[in-house]
Amino acid sequence: MTLTAPATTTAPAAAPGLPAVTCAPWCVDGTGHTDARFPEDQVCRGTTVEVELTRRPLVEVADDEWRRETVHLYLQRRPGHTPVVEMYRGELGESVTFTLDEADALGLALGHAVQQAKG
Ligand SMILES: [Zn+2]
């Protein structure tokens, strides 16, 4: 069997850029996400905060590069939605999304627990 290339190939037309959205003040992109493929992909994302889990074993994150597992969290706002805090553990961990009120309650509870433990 012989495979032959089509006589002519035409590149798909370049998709026109999306109109810019107004980024949240904390968005690390800040340019309106005009490079997104679809409007629902124009998502604002804040700076990622990483908390190293010092009691977890080392994990290989790149070729011969080892680090402690971390918890990652950041603000995120999808088009037409209110911001949320997304958090996940590890490199591909299952994420948990908190409303701002839920994140605030979690933060207060964590702070309270630490204060109790430290006496
Ligand atoms: Zn943005």
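Two residues are in contact if their C-beta atoms, placed from the backbone, lie within 7 Å. The legends below describe a predicted model.

**Figure 1. Surroundings of L53 in the loop between β2 and β3.** L53 follows strand β2 (49–52) and precedes strand β3 (58–62). Leaving aside residues up to four places away in sequence, L53 touches R68, E69, T70 and V71. L53 counts as exposed because its C-beta neighbours inside 10 Å number 12, and a residue is exposed if it has 12 or fewer. R89 lies 36 residues from L53 along the chain, and the C-alpha atoms of the two are separated by 9.3 Å.

**Figure 2. Overall arrangement of the protein chain.** The chain holds one helix and seven strands. Along the sequence these elements follow the pattern β-β-β-β-β-β-β-α. Of the 119 residues, 8% count as buried. Among contacts between residues at least 6 apart in sequence, 24% join residues at least 24 apart.

**Figure 3. The hairpin of β6 and β7.** Strand β6 (residues 84–89) pairs with β7 in the antiparallel sense, over five bridges. One of the residues involved is Y88, whose bridge partner in β7 is S95. Five residues lie between the two strands, and in this hairpin G90 takes a positive phi near 80°. Strand β7 (residues 95–99) is hardly covered, with a count of zero buried residues among its five.

**Figure 4. Helix α1 and the residue just after it.** Helix α1 comprises 19 residues (residues 100–118). At 1.5 Å a residue, a helix of 19 residues should span 27 Å, and the end C-alpha atoms of α1 are 27 Å apart, so the two values agree. The helix is hardly covered: zero of its 19 residues count as buried. Just after α1, G119 has a positive phi of about 75°.

**Figure 5. H33, a residue other than glycine with positive phi.** The phi of H33 is near 55°. H33 belongs to the segment before β1 (44–45). Is H33 buried or exposed? H33 counts as buried because 21 C-beta neighbours lie inside 10 Å, and the cut-off for a buried residue is 20 or more.

**Figure 6. D64 in the loop between β3 and β4.** D64 precedes strand β4 (65–68) in this loop. Although D64 is not a glycine, its phi is positive, at about 60°. D64 is exposed, because 5 other C-beta atoms lie within 10 Å.

How values were computed:
Residues are numbered from 1 along each chain as its sequence is written. This is a predicted model: local features need pLDDT of at least 70, side-chain atom pairs count only at pLDDT 80 or more; totals for chains, interfaces and linings use all residues. Helices (H or I, at least four residues) and strands (E, at least two) are DSSP runs, numbered from the N terminus. The expected span of a helix is 1.5 Å times one less than its number of residues. Two strands pair if DSSP finds at least two bridges between them.
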